[in-house]
Amino acid sequence: MTRILHVLDHSLPLHSGYTFRTRAILRAQMAQGWDVRGITGRRHTAEGPLVETIDGLTFHRTPGEITPGSGIVREWREIAALTEATAALAAEWRPDLIHAHSPVLNALAALRVARRVGVPFVYEIRAFWEDAAVGNGTGTENSTRYWLTKQIESRVVRAADAVVVICQGLKDDLISRGVDPAKIAVSPNGVDMEMFGTPVAADPALRSALGLDGADVVGFIGSFYDYEGLDDLIAAMPALVQARPKAKLLLVGGGPREAALRAQAAASPVADHIAFVGRVPHDEVENYYSLIDVLAYPRKAMRLTELVTPLKPLEAMAQGRLVAASSVGGHRELIEDGVTGTLFAPDDPAAIARALDGLFADRAGWETRRAVARRFVEQERNWASNIMRYEPVYHRLLADHRAAKAA
């Protein structure tokens, strides 16, 4: 049985788009008959044993916590600790292939171990670390640190035996850096339709408790980062309420921008039309999807959002919800305007209000659009089929590796 070791930033039981994609990959690979395990670095902050099984998946942890020190010193310590933990696991478990997932800290550790034990190395990029830092507000574009991180990322990509990216935007960027297109596979974000593809009925008690009876409900479910553009969505509400007095905004989740967004909403002239729910357990998220008419994703225009496709719009489509999103590159890869969703100009609250008003004014077309969007997810973004994109990459690398050993 082929053994695949996945080197990760963090995993379940933490909840994020990153951990849900990881879960889908590992579950699908196990269904293929592969033996898979994951190992996380020190950025996995959930308490637990050094080896734990969650949802039938086995994860190993890197001992210790993130240590104090300057950014670069701290990060090299993280790499060293993850390298040591991964090497120990590889010596014991003897994987046939090591598959590292971004950020590049994980890839640096995994590459060292793969070369040390002599197995193929795959690097999967879900976002460029330097652009993610800008999007999260922890870095600035064109800084020395940004340039250095990009150089390291490019170096690891060239050293990898194969590279996987989550969207065409990332592939195009790597090609522009001189990377051979034949080396890059695309495995797009997807939805586990068995777990997330059956919408639940709306809960009347929950709807009433949230003050949504009879409302035209716009919602966002996810993490509150600056690049998500939720400040623009809140700023759009006065115009939307003027056009549609029954409009309400439901914000589910949390994150670094939560306090600022709550303050902005409280100061809005339509504050009573904006409700924050906070974070909810993942197994309860469907209950909130069922209350929302239109899921809005007003991501701001920047390199991160232009290159990277998000997961949440796909989940909304799978749940049979309408989707409205800013026309950044990552959204344009997922959403066909007027067919599977509605696109509006980024960084423009007035455009958001007009787009949402137009959707509520055209209820006659809702069922057709929902059906088309869900069919797109089932056929093009279903993890049951997405997993097949890894198989030829693995088989090629393992065949080449066996041939090299036999020579």
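Guide: A contact here means heavy atoms within 4.5 Å. The model is predicted, so to speak of local features requires pLDDT of at least 70 and side-chain atom pairs count only at pLDDT 80 or more, while totals for chains, interfaces and linings use all residues. Residues are numbered from 1 along each chain as its sequence is written, and side-chain values use heavy atoms, without hydrogens and water.Visitor: What share of contacts with a separation of 6 or more joins residues 24 or more positions apart?

Guide: Such pairs account for 72% of those contacts in the protein chain.

Visitor: And how many helices and strands are there?

Guide: The protein chain has 18 helices and 14 strands (DSSP runs numbered from the N terminus: H or I of at least four residues, and E of at least two). Its radius of gyration is 22 Å, close to the 22 Å from the globule rule for 407 residues, so the chain is as compact as a globular protein of that length (taken over C-alpha atoms; the rule is 2.2 Å times the number of residues to the power 0.38).

Visitor: Switching to the surface: which residues form the nonpolar patch?

Guide: Ile72, Trp76, Trp147 and Leu148 do, with about 430 Å² of accessible area together (Shrake-Rupley method, 1.4 Å probe, only the protein chains shown counting as cover for residues). Patch residues have over 30% relative accessible area and no salt bridge, with nonpolar side chains (Val, Leu, Ile, Met, Phe, Trp, Tyr) joined within 5 Å and like charges within 9 Å; a salt bridge is a side-chain nitrogen of Lys or Arg within 4 Å of a carboxyl oxygen of Asp or Glu.

Visitor: Which helices supply it?

Guide: Helix H2 (71-93) and helix H5 (144-159) each supply at least two residues.

Visitor: Why is leucine 148 called partly exposed?

Guide: Because its relative accessible area is 38%, between the limits for buried (under 20%) and exposed (over 50%).

Technical notes
Residues numbered from 1 in each chain as written. Heavy atoms only, no water. Buried < 20%, exposed > 50% of the residue type's maximum accessible area, 1.4 Å probe, protein only.
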